[in-house]
Amino acid sequence: MTAGSLADRELGLRAEDLVRYVSLDENQKPRLELPPSLKEAYSAAAHQSVFAIRDKDGRIVEVSTPEIGAMIARWPQPDTEPSYFRLTKFGPLERDYSGVSIRLDSAAGPLSVLVAEASGSDQLIHSILREFVFDIAWYVPPFVALALLVAAFSVRRSLLPLRAASSRATAIGPASIGLRLPEADVPAEALPLVVAVNHALDRLEQGFVIQRRFTANAAHELRTPLTIITARLDTLEGNGQLVALREEVARMNRLVEQLLCVARLDSVALDVASPVDLHELAEEVVGSMAHLALSACRTIALAGADHPVMVTGNAAAIADALRNLIENALAHTASGTEVVVEVDPKGAISVQDSGPGIPAGDLPHIFERFWRGKGVRASGAGLGLAIVMEIVKAHGASITVNERVPRGARFDLRFRAV
């Protein structure tokens, strides 16, 4: 139905188009003067598109083929209303035609125009495509470009909440297990996933809390019996086995203290905004550990700045980090050698030993909890350097490890100056 209506409209427009080119000649008779392009088009489709024009008296003005001229001569004059018809097996090619006959006004007076198109021809399609190309098609590229820009902007804008959630997810770790993915403005399709991830993080946080509480409680409960055992051992007299027993109990005491320190670092945020004098702190720690160095047939020395070196941090935590570094150095340096603690006036403190050094393959792992290198003879549990790293992170400080010449290792802690 739609195709038929378009075909009828096309025939009517072609009839009106032909009438525009009819004028009076010098004898005041109507004549058709088609433009070269239109004349060529009708000539190329002589048996495809046919037409005939008669004046008001019924005389032929112009016909496209003799057959259509002979046929229209027998037809009555049409009315101003279009009359549609169909020709069967018409013309030398015996084709079916659909046409319109109509009376139109022109510069030469009223004219009768007949226009017919062979059935199944593609003229209608060509006409529609021609109108589309010249009237509509040039809108398509800018419209498509605009649609792509709008789509890209919309997609990018809708993904902003997911990017925020992704950024938040990268910040979640053991030290920040309380963080959650933002659920505001997240697309409805992705919201169930974000909610499920947050619920999973809730369960993980609960597991972490239970684990940390257990570690802290176990370490705390162990302190009392170990203290009692240590006190009773000190009152006893015995052979070398009793000395060895005291050493083992001392090691257990230190392990318990380290476990408690780990539990505190995991569960309580350190106040790192207080001024700390690195020189004074180093003097206290070195003085308190001198007996440990002497009992292990080693010496410990303090070097560097002899005046206050102020940094921002937590004095107890920094002292604990320095104590662990010194214990690590004493454990790995040879008997009869010296461990040097040096205070840098620029806000750094270093601990250096004369031990065998650290293999390059072990450097990425030395700050991991409970990690111990192959062939290590020290009796520690692998928590000392992990505690140092946690304290460094809490302070926003830095730690570097360097090989000493000819042998040994040097740990440098650098804090923010006041």
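This is a short dialogue on reading helix packing, helix length and a strand residue in a predicted model.

Student: Where should I start with helix H9 (residues 315-332) and helix H10 (residues 384-395), and at what angle do they pack?

Tutor: The axes of H9 and H10 lie 9 Å apart, and the angle at which the two helices pack is about 150°. Since angles over 145 degrees count as roughly antiparallel, H9 is therefore roughly antiparallel to H10. The crossing of this pair is left-handed.

Student: Which residues of H9 and H10 meet?

Tutor: An α-helix has 3.6 residues a turn, so residues three or four places apart point the same way. Here H9 contributes Ala317, Ile318, Asp320, Ala321, Asn324, Leu325 and Asn328, which meet Gly384, Leu385, Ile387, Val388, Ile391 and His395 of H10. By class, eight residues of this contact are nonpolar, four are polar and one is charged.

Student: How do the axes of helix H8 (residues 278-295) and H9 cross?

Tutor: They come within 10 Å of each other and cross at roughly 40°, which means that H8 is oblique to H9. The crossing of H8 and H9 is right-handed. On the H8 side the contacting residues include Leu281, Val285, Met289 and Leu292, and on the H9 side they include Ile318, Leu322, Arg323 and Glu327. The contact of H8 with H9 divides into 14 nonpolar, no polar and two charged residues.

Student: What span should helix H5 (residues 140-170) have?

Tutor: With 31 residues at 1.5 Å a residue, H5 should span 45 Å, and because its end C-alpha atoms are 43 Å apart, the expectation and the model agree. H5 nevertheless has a kink of about 35° at Leu160, shortly before the proline Pro161.

Student: And in which strand does Ala301 lie?

Tutor: Ala301 belongs to strand E9 (residues 299-304). From C-alpha to C-alpha, Ala301 and Val286 are 7.4 Å apart in space, although 15 residues separate them in sequence; Val286 is also one of the H8 residues in the contact with H9. Leaving aside residues up to four places away in sequence, Ala301 touches Glu338, Val339, Val340 and Val341.

Note on methods:
Residues numbered from 1 in each chain as written. Predicted model: local features only at pLDDT ≥ 70, side-chain atom pairs only at ≥ 80, totals over all residues. Heavy atoms only, no water. Axes fitted to C-alpha atoms, helices over the stretch in contact; angles between N-to-C directions. Helix = DSSP H or I, 4+ residues; strand = E, 2+ residues; numbered from the N terminus. Parallel < 35°, antiparallel > 145°, perpendicular 65-115°, else oblique. Left-handed = near helix turned anticlockwise from the far one by under 90°. Contact = heavy atoms within 4.5 Å. Nonpolar A, V, L, I, M, F, W, Y, C, P; charged D, E, K, R; others polar. Expected span 1.5 Å × (residues − 1). Bend = angle between axes of the 7 residues up to and from the residue.
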